[in-house]
Amino acid sequence: MINRSTRLGITVVVRPNFGFTLIELMVTVVVVAILAMIAVPNFRDFIQRNNVTAQANGLLADLQYARSEAITRRTLVSICPRPTGVSDDNASCVVGGSNNFDNGWLIYKTTTANTIYNGGAGQELLRLTPAARTVSVRASAATILTINARGELVSEAAGHKFAICYKVNAGETGVGQSTNTVPGSSLEVASSGRVSVQPLAANAPCE
């Protein structure tokens with residue numbers, strides 16, 4: 001139905017607005033679905049990459065903190081992995097050392113290098129970092145890292161490495177994967193104590 005009105009000799013045609021047609025609505029839905037199919041995987045990969053980056057930066061910051069404390073306090077500072085299945089506030093180390101840092105780690109002042117934290121004489125807990133459940137954190141060797149008053153690694157002439165990779169299933173006990181879309185991170189602690197981070201190649205081992 002078309003409404004016509006004449007004002008001052010001018011005819012104005014007013015067409016009613018019936019909204020979208022069914023075809024227009026279907027086309028809109030299809031376009032939105034296609035955009036969602038493209039955006040959702042990219043967003044998922046973005047979140048996973050951020051998880052890896054955040055964990056690598058967290059470990060980097062903790063290692064730099066441990067080195068700074070060792071130099072400032074003129075003492076030994078150690079980093080040890082926490083055992084599996086403990087609560088987030090449990091301050092204990094894996095007895096004998098481990099290369100699995102998935103459950104977090106402790107940073108503590110100590111008087112003897114490469115010994116676990118047990119709250120004994122001469123020890124002081126400086127920082128407790130709980131588990132990172134979405135990524136795996138594996139060291140190149142099963143050991144406790146100790147930094148001396150000069151900021152150097154004790155008994156680590158060749159330095160130490162960590163591989164941080166995203167786990168396909170959050171919370172799983174296995175090692176994560178480094179892929180083209182979600183590359184892992186390699187964190188290296190030189191014998192001098194300095195720390196650097198670089199991306200892992202796709203399909204590179206994460207332990």
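This is a working chat about the strands, cores and disulfides of a predicted model.

Me: Let's start with the sheet. In what order do the four strands sit?

Reply: The four strands form an open sheet in the order 5-4-3-7, and the pairing is antiparallel. The edge positions are taken by strand 5 (124-129) and strand 7, each of which pairs on one side only. From one strand to the next, the twist averages 20 degrees.

Me: How many bridges join strand 3 to strand 4?

Reply: Six bridges join strand 3 to strand 4, and the two run antiparallel. Within that pairing, Leu76 has Thr110 of strand 4 as its bridge partner, while Cys80 stands opposite Leu106 in strand 4.

Me: And how many between strand 3 and strand 7?

Reply: Three bridges join strand 3 to strand 7, again in the antiparallel sense. Here Ser78 stands opposite Thr146 in strand 7, and Ile79 stands opposite Leu145 in strand 7.

Me: What about strand 4 and strand 5, over how many bridges do they pair?

Reply: Strand 4 and strand 5 pair over five bridges, in the antiparallel sense, and Ile107 stands opposite Arg127 in strand 5.

Me: Back to strand 3 for a second. Why is it largely enclosed?

Reply: Strand 3 is largely enclosed by the rest of the structure because six of its six residues are buried. As background, in a regular strand the side chains alternate between the two faces of the sheet. In strand 3 both faces are covered, with Leu76, Ser78 and Cys80 buried on one side and Val77, Ile79 and Pro81 buried on the other.

Me: Is strand 4 mostly covered or mostly exposed?

Reply: Strand 4 is mostly covered, with five of its six residues buried.

Me: New topic, the cysteines. How many disulfides does a search of the whole structure find?

Reply: The search finds two disulfides. With bonded cysteines counted along the chain, they follow the pattern 1-2, 3-4.

Me: Which residue is bonded to Cys80, and how far apart are the sulfur atoms?

Reply: Cys80 forms a disulfide with Cys93, and their sulfur atoms are placed 1.7 Å apart in the model. The link of Cys80 and Cys93 is left-handed, with -55 degrees about the S-S bond. The pair links distant parts of the chain, since Cys80 lies in strand 3 and Cys93 in the loop between strand 3 and strand 4, 13 residues apart.

Me: Are those two buried or exposed?

Reply: Cys80 counts as buried because its relative accessibility is 0%, and Cys93 is also buried, with a relative accessible area of 7%. The cut-off behind that wording is under 20% relative accessible area.

Me: OK, and Cys165, which residue does it bond to?

Reply: Cys165 forms a disulfide with Cys206, and their sulfur atoms are 2.0 Å apart. The link of Cys165 and Cys206 is left-handed, with -85 degrees about the S-S bond. Cys165 lies in strand 8 and Cys206 in the segment after strand 10 (195-199), so this disulfide ties together parts that are 41 residues apart in sequence.

Me: Is this pair buried or exposed?

Reply: Cys165 is buried, with a relative accessible area of 0%, and Cys206 counts as buried at 5% relative accessibility.

Me: Last topic, the largest nonpolar core. Which residues touch the most other members?

Reply: That core holds 27 residues, of which Leu59, Leu63, Ile79, Val137, Phe162, Ile164 and Leu187 touch the most other members. The elements that give two or more residues to this core are helix 1 (22-73), strand 3 (76-81), strand 4 (105-110), strand 6 (135-139), strand 7 (145-147), strand 8 (160-166) and strand 9 (185-189).

Me: Which element gives the most?

Reply: Helix 1 gives the most to this core, with seven residues.

Me: Pick out Ile164 for me. Which residues is it in contact with, leaving aside neighbours within four places in sequence?

Reply: With those neighbours left aside, Ile164 is in contact with Val52, Gln55, Ala56, Leu59, Val135, Ser136, Val137, Gly184, Ser185 and Leu187.

Me: And which residues does the second core include?

Reply: The second core is separate and has six residues, including Leu106, Tyr108, Tyr117 and Ile144. Leu106 came up earlier, as the residue of strand 4 that Cys80 stands opposite.

Conventions. Residues numbered from 1 in each chain as written. Predicted model: local features only at pLDDT ≥ 70, side-chain atom pairs only at ≥ 80, totals over all residues. Heavy atoms only, no water. Core = buried A, V, L, I, M, F, W, Y, C linked by side-chain atoms within 4.5 Å. Buried < 20%, exposed > 50% of the residue type's maximum accessible area, 1.4 Å probe, protein only. Contact = heavy atoms within 4.5 Å. Pairing = 2+ DSSP bridges. Axes fitted to C-alpha atoms, helices over the stretch in contact; angles between N-to-C directions. Disulfide = S-S within 2.5 Å.
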